[in-house]
Amino acid sequence: MAVQKYNDGTRVTVKNNPGVWIILEHETIKKGATTKITGKVKCRNKETGMVKFFSENGCTPVESYEK
């Protein structure tokens, strides 16, 4: 089972994808009374605004902070 590494709103870089991405939400699956995290995150590119799903394992946090 996947474990959530980063919070929503975290700025990350993604392997093989240029630019800075912002995590919008984590993909989850409801199974009865429990919610399971799949390990995929929905991200938006800061420069282009493009939205894509990525594996959370391919993400690394961005250290510098810019608005």
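Is cysteine 43 buried or exposed? In this predicted model, cysteine 43 turns out to be buried, and its relative accessible area is 0%. That residue is a handy way into the structure, but a look at the whole chain comes first.

The protein chain is built from strands: the count is 5 strands and 0 helices. Walking along the sequence gives the pattern β-β-β-β-β. The C-alpha trace spans about 40 × 20 × 20 Å along its principal axes. Of the 67 residues in the chain, 27% are buried. As for the outside, the chain exposes about 4,700 Å², and carbon and sulfur atoms supply 52% of that area. The chain carries 12 positive and 7 negative charges, and the mean positions of these two sets are 5 Å apart. Contacts across the sequence tell a bit about the fold too: taking those between residues at least 6 apart in sequence, 41% join residues at least 24 apart.

Back to the cysteines. A disulfide is a covalent bond between the sulfur atoms of two cysteines. How many disulfides does the structure hold? The number is 0. Cysteine 43 is in no disulfide, and the nearest cysteine sulfur belongs to cysteine 59, 5.0 Å away. Seen from the other side, the sulfur of cysteine 59 has cysteine 43 as the home of its closest cysteine sulfur, and the 5.0 Å between them is too far for a bond. The cut-off for a disulfide is 2.5 Å, so a pair at 5.0 Å does not count. Cysteine 59 is also buried, with a relative accessible area of 3%. That value sits under the 20% limit, which means the residue earns the label "buried".

Aromatic rings come next. The search of the whole structure finds 1 aromatic pair. The partners are tryptophan 21 and phenylalanine 54, whose ring centres are 4.9 Å apart and whose planes meet at 80°, so the pair is edge-to-face. Why does this pair tie together parts that are 33 residues apart in sequence? Tryptophan 21 belongs to strand E2 (residues 17-31) and phenylalanine 54 to strand E4 (residues 51-55), so the pair links those two parts. Tryptophan 21 and phenylalanine 54 are both buried.

Strand E2 has some further residues to look at. Threonine 28 is one of its members, and at 43% relative accessibility this threonine counts as partly exposed. Leaving out neighbours within four places in sequence, threonine 28 is in contact with Thr35, Lys36 and Ile37. The C-alpha atoms of threonine 28 and threonine 38 are separated by 5.7 Å, with the two residues 10 apart along the chain. Isoleucine 29 is in strand E2 as well, and its relative accessible area of 42% makes it partly exposed. Again not counting residues up to four places away in sequence, isoleucine 29 touches Thr34, Thr35, Lys36 and Thr38. From isoleucine 29 to lysine 40 the C-alpha distance is 11 Å, and the sequence gap is 11 residues. Lysine 30 also lies in strand E2. Is lysine 30 buried or exposed? Lysine 30 counts as exposed, at 67% relative accessibility. Lysine 30 and glycine 49 are 19 residues apart in sequence, and their C-alpha atoms are 29 Å apart in space.

Outside the strands, two residues are worth a look. Glycine 9 is placed in the segment before E1 and is partly exposed, with a relative accessible area of 48%. Setting aside residues up to four places away in sequence, glycine 9 touches Ile22 and Ile23. Glycine 9 also leads back to the opening residue: glycine 9 and cysteine 43 are 34 residues apart in sequence, while their C-alpha atoms are 9.1 Å apart in space.

The other residue is asparagine 16, found in the loop between strand E1 (11-14) and E2. Most residues other than glycine have a negative phi. What is phi of asparagine 16 near? The angle is near 65°, a positive value in a residue other than glycine. Asparagine 16 counts as exposed, at 79% relative accessibility.

How values were computed. Residues numbered from 1 in each chain as written. Predicted model: local features only at pLDDT ≥ 70, side-chain atom pairs only at ≥ 80, totals over all residues. Heavy atoms only, no water. Helix = DSSP H or I, 4+ residues; strand = E, 2+ residues; numbered from the N terminus. Buried < 20%, exposed > 50% of the residue type's maximum accessible area, 1.4 Å probe, protein only. Contact = heavy atoms within 4.5 Å. Areas by Shrake-Rupley, 256 points an atom, 1.4 Å probe, with all protein chains shown as cover. Lys, Arg positive; Asp, Glu negative; His and termini not counted. Charge placed at Lys NZ, Arg CZ, Asp CG, Glu CD. Phe/Tyr/Trp six-rings, centres within 6.5 Å; stacked < 30°, edge-to-face > 60°.
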